[in-house]
Amino acid sequence: MLVIVDLDDTLCNTWEAARWSVLRLLPHLIRKRKFKALLYILTQRYKELEQSRELHLLDLDELVENFMERIYQKISEDDLREMFELVDRTFFSNLKLYPDAVEFLKGLKDMNAKVVLVTDSSSEWQRKKLEYLNLKQYFDHLIISGETGHSKLEPYNFILAKRRFPRENEIYVVGDRDDTDMRGGKEIGAMTILVRRGYFKSLLPKHADYVVKDLREALEVIKNEHKKRT
């Protein structure tokens with residue numbers, strides 16, 4: 001059995017932690033008189049980046065730099081460094097595992113599943129999260145978009161996961177986003193399980209075989225499907 005698992009907003013509260021970083025950044029922008037950047041955030045123009053390939057390959061610091069350079073032709077290194085420190089400090093002070101995450105991963109290992117993390121963003125950023133959350137031990141392999149050069153908007157990384165364990169014919173994909181995790185799972189013939197939480201929870205799923213409220217339900221789905229096949 002191969003289980004491909006997403007990280008952000010599936011195992012941990014990435015969107016919530018990022019939201020706190022943005023909120024903490026607002027008074028900083030006011031003090032620095034960066035009113036164009038403030039307006040960009042308040043009018044939610046950052047939503048235009050959701051389908052951008054670069055969003056899925058960069059870390060939060062790089063995204064801050066990217067959006068500041070979209071607004072201002074020039075931004076000083078000191079201003080950027082100050083924002084980076086503020087964003088990182090706020091993000092990691094608010095980043096938490098969901099209460100069911102470790103139980104879910106341990107449950108998969110108890111089933112002798114091969115567990116592969118397929119996640120978007122830069123290598124440094126995602127590996128820093130894994131170390132901070134003490135999760136690396138639960139995965140048999142890590143596939144990070146910043147290392148492969150391909151985001152989950154395309155099936156490449158899911159194909160890599162399947163090729164890494166070619167003997168595993170029973171495949172599941174668990175994640176929070178339909179147009180990346182679920183669609184990628186369908187591309188490799190996996191059973192897809194959408195965990196409805198995080199930033200994308202209100203979107204209507206098109207590619208999910210199952211929609212669950214948490215990882216405990218996801219684990220039960222996998223156990224039940226596995227019983228049918230044995």
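Two rings of Phe, Tyr or Trp count as a pair if their centres lie within 6.5 Å, taking the six-membered ring for Trp. Keep in mind that the model here is a predicted one.

**Exercise 1.** Work out how many aromatic pairs the whole structure holds, and how the rings of Phe91 and Trp125 are arranged.

*Solution.* Start with the search: over the whole structure, six aromatic pairs turn up. Now zoom in on Phe91 and Trp125, whose ring centres are 4.9 Å apart. Next, check the angle: planes under 30 degrees apart would be stacked, and over 60 edge-to-face. The two planes here meet at 40°, so this pair is tilted.

**Exercise 2.** Place Phe91 and Trp125 in the chain, then say whether they are buried or exposed.

*Solution.* Phe91 belongs to helix α4 (residues 77–94) and Trp125 to helix α6; with their positions 34 residues apart, the pair links distant parts of the chain. Both Phe91 and Trp125 are buried. Finally, look at the company they keep: Phe91 and Trp125 form one aromatic cluster with Phe92 and Tyr132.

**Exercise 3.** Trace the chain from strand β2 to strand β3 and give the handedness of the crossover.

*Solution.* First, the strands: β2 (residues 114–119) and β3 (residues 141–144) run parallel, joined by four bridges. For one bridge partner, take Leu117, which matches up with Leu142 in β3. Then follow the path, which leaves β2, passes through helix α6 (residues 123–133) and arrives at β3 as a right-handed β-α-β crossover.

**Exercise 4.** Find which rings Arg164 and Arg197 sit over.

*Solution.* Arg164 puts its charged end over the ring of Phe165, 5.0 Å from the centre. Arg197 lies over the face of Tyr98, 3.8 Å from the ring centre.

Note on methods
Residues numbered from 1 in each chain as written. Predicted model: local features only at pLDDT ≥ 70, side-chain atom pairs only at ≥ 80, totals over all residues. Heavy atoms only, no water. Pairing = 2+ DSSP bridges. Helix = DSSP H or I, 4+ residues; strand = E, 2+ residues; numbered from the N terminus. Right-handed = clockwise from strand over helix to strand, strands pointing away. Buried < 20%, exposed > 50% of the residue type's maximum accessible area, 1.4 Å probe, protein only. Lys NZ or Arg CZ within 6 Å of the ring centre and 35° of its normal.
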